[in-house]
Amino acid sequence: APTTTDTANASDASEKLITVGFAQIGAESDWRNANTTSMKSTLTKENGFNLIFKDAQQKQENQIQAVKDFISQGVDIIVLAPITETGWDDVLNEAKSAGIPVILVDRMVKVSDESLYSCWLGSNFEKEGVTAANWLTDYLKTQGKDKEKQNIVVLQGTIGSTAEVGRTKGFDDTIKKSSNLTILEEQTGEFTQAKGQEVMESYLKKYKDIDIVVSQNDNMSFGAIDALKAAGKKPGKDVIIVSFDAVKAAFLSMIDGDLNASVECNPLHGPKVAELIKKIKNGETVDKVQYIDESVYSTDNAEAELPNRQY
Ligand code: GZL
């Protein structure tokens, strides 16, 4: 039979585990799956965590229920990737009343009281939108097309998600400075390949002269590429495609020449979240906004960068 010391150690070890409730959006994209993998592979018992993971299948009501469940289970800390920005005040107030700190990851919330969350970790989405616009205008210059009229269609992400709001604002505000660029239409493809293809097919029926597609994640870009090929067009050549996320499959698309560029959106939040959880549980205050590092990749550097990609 284990000695008291062993038992004490065992119970002591179990006492040391920080129980984390993570309410994830869903599994809608390669990016999302990489984000989940990063969290699950970091928030492990070996690293001092007991992770309770909930996938909300892209429904806010499921995420809210998951947070309520975490509160009734009495977790030590809640991590939430909010699908859209509004509708969180009530459940976050319940967490605050229960004395359970909340870390927001990836997308942001619009709440009346900022004390409802300890901090937010994610990408600077507006900067991603600006990066996409700057890459595009630079590329058009190298192609000698910076004076020619260029028509753009946009595949937006989930409307009202911080990723969509920021990328749209950053891109649109920057594009306005180039008088030769016109945005014909912007519509959501819900960040999925199927919906992205469907919207691109409708654009191709509606507009005869599309020069550029801006797609707010790689999965919608893959759908757009399929739609363009089905319409007898050469994606990456007849029609420039600028994307976001820079997942591994996007690198393969850039190497094939179907995709011109992808602005990186780094999903590997696990290590930084683990560090923030430990600091918050130790009673330290952390900066409210924690930006994750990221870059932009294109057909110029995709082959060289591919071996370094983790997702
Ligand atoms: C961005 C994230 C977005 C990705 C999409 O941080 O919210 O959601 O760009 C994902 O691929 O679906």
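The exercises below, each with a worked solution, concern pockets, a buried glutamate and an aromatic pair in a predicted model.

**Exercise 1. Describe the largest pocket by its volume, its central residues, the elements that supply its lining, and the classes of its lining residues.**

Solution. Begin with the space itself, which for the largest pocket comes to about 270 Å³. Next, turn to the lining, which consists of 15 residues, with N124, F125, E126, T162 and Y291 lying nearest the centre of the pocket. Then assign the lining to secondary structure: α5 (125-142), α6 (162-175) and β11 (289-291) each supply at least two residues, and α6 gives the most, with 4 residues. Finally, sort the lining by class, which yields 7 nonpolar, 4 polar and 4 charged residues.

**Exercise 2. Determine whether E128 is buried or exposed, and list what its side chain and the residue as a whole meet.**

Solution. First place E128 in the fold, where it belongs to helix α5. The relative accessible area of E128 is 3%, and because the cut-off for buried is under 20%, E128 counts as buried. The next step is to look for a polar partner, and here the side chain of E128 makes a polar contact with the side chain of R167 at 2.7 Å. Setting aside residues up to four places away in sequence, E128 touches S123, R167, F244, V263, E264, C265 and E294.

**Exercise 3. Characterise the largest cavity by volume and lining.**

Solution. Start from the count, since the structure holds 1 cavity of 30 Å³ or more. The volume of the largest cavity is about 100 Å³, and its lining is made up of 13 residues, of which W31, R32, R107, F191 and D245 lie nearest the centre. Among the elements, α2 (30-42) and α6 each supply at least two residues of this lining. The division by class gives 5 nonpolar, 2 polar and 6 charged residues.

**Exercise 4. Classify the geometry of the ring pair W120 and Y291, and explain what the pair ties together.**

Solution. The structure holds 5 aromatic pairs, one of which is formed by W120 and Y291, whose ring centres are 5.7 Å apart and whose planes stand at 85°. Planes over 60 degrees apart count as edge-to-face, so the pair of W120 and Y291 is edge-to-face. Because W120 lies in strand β5 (residues 119-122) and Y291 in strand β11, the pair ties together parts that are 171 residues apart in sequence. As a last step, consider accessibility: W120, at 5% relative accessibility, is buried, while Y291 is among the residues nearest the centre of the largest pocket.

Notes: Residues are numbered from 1 along each chain as its sequence is written. This is a predicted model: local features need pLDDT of at least 70, side-chain atom pairs count only at pLDDT 80 or more; totals for chains, interfaces and linings use all residues. Side-chain values use heavy atoms; hydrogens and water are left out. On a 1 Å grid over the protein atoms alone, a cavity is a set of points where a 1.4 Å probe fits but cannot get out, and a pocket is an open set with protein on both sides within 12 Å along at least five of seven lines; lining residues have an atom within 4 Å of a point. Grid points are joined across faces, edges and corners, and a volume is the space filled by probe spheres set on the points. Ala, Val, Leu, Ile, Met, Phe, Trp, Tyr, Cys and Pro count as nonpolar, Asp, Glu, Lys and Arg as charged, and the others, Gly among them, as polar. Buried means under 20% relative accessible area, exposed over 50%, partly exposed in between (1.4 Å probe, protein chains only). A polar contact is a pair of N or O atoms within 3.5 Å; within protein, one must be able to donate a hydrogen and the other to accept it, and residues adjacent in sequence count only if both atoms are side-chain atoms. Contact means heavy atoms within 4.5 Å. Rings of Phe, Tyr and Trp (its six-membered ring) pair if their centres lie within 6.5 Å; planes under 30 degrees apart count as stacked, over 60 as edge-to-face and the rest as tilted.
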